[in-house]
Amino acid sequence: MSEKSILIVDADIISLNYLIRMVRKQQYSAVGANSGKEGLITAWRDQPELILFDPSLQDILPEEFLLKLRRDARTANTPILALSSDPDTRMKDACLQAGCTEYLVKSGEVVEALPETISRLLGAEQEPVVQEFASGQEPVSAMEEKLAAEDGHLIVFLSAKGGTGTSSLCANYAMTIHNNKPEASVVVVDLVLPIGSVAPIVGYEGDVDLVTISELPSDQISGEYFHKHLPEMELWQFQLLAGATDPERANDLKVARIPEIISALQQSYDFVIVDLGRSLSRISLPIIQKADLLVLIMSTDQSTITLTKTVLDYFHAQGVQSQNIFAILNRAVGLEGLTKAEAEKIIDLPIKTALPYMGSNFALANNLNQPIILKYPEDTAAIVFKDTANKMIASTTKLRSSQKPAILDL
């Protein structure tokens, strides 16, 4: 009996290679394509028994990709499974309407169950797919809709105590958010005072920083200026507004300009990701109160968890809602300490993600200025980073639909 063949189409080469290896371990024949057009050519040439694809394709809209497959007799009835890095329900609806057999959002649980899902789809009898369109009518694309008609999503990273890896996680999650949602524009703002923390992690040594921007005239603080002048960290897939390079320079920061800068960035980027480190002050509190999502980083030692509880009580007193807080337990810096359940009991808040221990890999990736998911793509942590980034995207989208944004003022 010959092996059943599966075509995997994914623009993310790390994810593509991982899925190919997984499928082959299940004794299926697997071939990969990292673009939609290559996927179409391969599908029509090889006529696989199943097509597995991530809709976040960079060269063709997912609906167009699906419609081309369904309109060709060679793939009209082939089961098509979307394993998506985009949790947006609009994307799901658009893909299913265009002929996708099943749509799943990437997560640790979904990936674990993938062999069973594939087996079920290969064993099922596919009903003929019929797509009817009026003459000259073009399919409506969910991807043509903007992330939102409002300002970009504001995600703030902070911790109650130093040494939790907050700045590194901020940079890595910003990169992973763009990796999972490549059509989105992402900017990272380093507000760690008095010395910025993100630039050394991503390898930036330029002159443009938060102090420089705060000294600009108001008419220059615009999306056009940011997109042109903020450094593009190519490996990290985001633009960076770096923090001050030394305490003396930080003294020149025009603090009153920060709300204006953040608001202008939100009008220009889909995701504005702010690193506050452990900075809790009159400068940072308005940003925390405005954030769509507050990512609170904890290590596993008792003192950090206790301080985190104190900070959480303060946030609640200042009107920050629990639903806007995304708690992460960073076990990457060591195995010792409290368990996730013990930490949750102390802070009285669910911990959304517990990062696995990475040994020396965490520090090594930082020293080499490389993102975790690129440096160690096969490490469990890489899968967890991608899964958590999707949860962050889903959380901000859900919260935006139920809340009105606050006014940022100092």
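**Strands, helices and confidence in a predicted model**

Colleague: Let's start with the pairing of strand 7 (residues 186-190) and strand 9 (residues 238-241): parallel or antiparallel, and over how many bridges?
Modeller: Bear in mind that this is a predicted model. Val187 of the pair stands opposite Gln239 in strand 9. Strand 7 and strand 9 run in the parallel sense, and the number of bridges between them is three.

Colleague: Thanks! In what order do the strands of the open sheet come?
Modeller: The sheet has eight strands, and its pairing is mixed. Strand 11 has strand 6 (residues 153-159) as a parallel partner over five bridges, and strand 12 (residues 325-330) pairs with strand 11 in the parallel sense too, again over five bridges. Read across the open sheet, the order is 8-9-7-10-6-11-12-13.

Colleague: Which strands stand at the edges of that sheet?
Modeller: An edge strand here has a single partner strand, so one of its sides is left without a neighbour in the sheet. That describes two strands, namely strand 8 (232-233) and strand 13 (351-355).

Colleague: Strand 11 (residues 293-298) interests me: how many of its residues are buried?
Modeller: Take the two faces in turn. On one side Leu293, Val295 and Ile297 are buried, and on the other Leu294, Leu296 and Met298 are buried, which leaves both faces covered. The strand is therefore largely enclosed by the rest of the structure, and the count of buried residues is six of six.

Colleague: Which residue of strand 12 is the bridge partner of Leu294?
Modeller: Leu294 is one of the buried residues of strand 11. On its other flank, strand 11 has Ile297 opposite Ser159. In strand 12, the bridge partner of Leu294 is Ile325.

Colleague: What is the handedness of the unit made by strand 11, helix 14 (residues 302-317) and strand 12?
Modeller: The two strands are parallel partners, with helix 14 as the helical part of a β-α-β unit. The handedness of that unit is right-handed.

Colleague: And towards the start of the chain, which helix joins strand 1 (residues 5-9) and strand 2 in a β-α-β unit?
Modeller: Strand 1 and strand 2 run parallel and are joined by five bridges, with Ile6 opposite Ala30. Their β-α-β unit is right-handed, and its helix is helix 1 (residues 13-25).

Colleague: How far apart in space are Asp46 and Ile6, C-alpha to C-alpha?
Modeller: Asp46 belongs to helix 2 and is partly exposed, with a relative accessible area of 38%. In sequence, Asp46 and Ile6 are 40 residues apart. In space, their C-alpha atoms are separated by 9.6 Å.

Colleague: Is Ser35 buried or exposed?
Modeller: Ser35 sits in the loop between strand 2 (29-33) and helix 2 (36-46). Beyond its neighbours within four places in sequence, Ser35 is in contact with Val9 and Asp59. Its relative accessible area is 19%, and since the cut-off is under 20%, Ser35 counts as buried.

Colleague: How many residues of helix 12 (residues 258-266) are buried?
Modeller: The buried ones are Ile258, Pro259, Ile261, Ile262, Ala264, Leu265 and Gln266. Helix 12 is therefore largely enclosed by the rest of the structure, its buried count being seven of nine.

Colleague: How many disulfides does the model have?
Modeller: A disulfide needs two cysteine sulfur atoms within 2.5 Å. By this rule the model's count is zero.

Colleague: What, then, is the distance from the sulfur of Cys95 to the nearest cysteine sulfur?
Modeller: Cys95 is in no disulfide, and the nearest cysteine sulfur is that of Cys100. Cys95 is buried at a relative accessible area of 0%, and Cys100 is buried too, at 6%. The distance from the sulfur of Cys95 to that of Cys100 is 5.7 Å.

Colleague: One last check: over which residues does pLDDT stay under 50?
Modeller: The chain averages a pLDDT of 86, and 90% of the residues score at least 70. Where pLDDT is low, the predicted coordinates should not be read in detail. The model has 40 contacts beyond four places in sequence for the stretch under 50, which covers residues 125-149.

Key
Residues numbered from 1 in each chain as written. Predicted model: local features only at pLDDT ≥ 70, side-chain atom pairs only at ≥ 80, totals over all residues. Heavy atoms only, no water. Buried < 20%, exposed > 50% of the residue type's maximum accessible area, 1.4 Å probe, protein only. Helix = DSSP H or I, 4+ residues; strand = E, 2+ residues; numbered from the N terminus. Contact = heavy atoms within 4.5 Å. Pairing = 2+ DSSP bridges. Right-handed = clockwise from strand over helix to strand, strands pointing away. pLDDT = per-residue confidence, 0-100.
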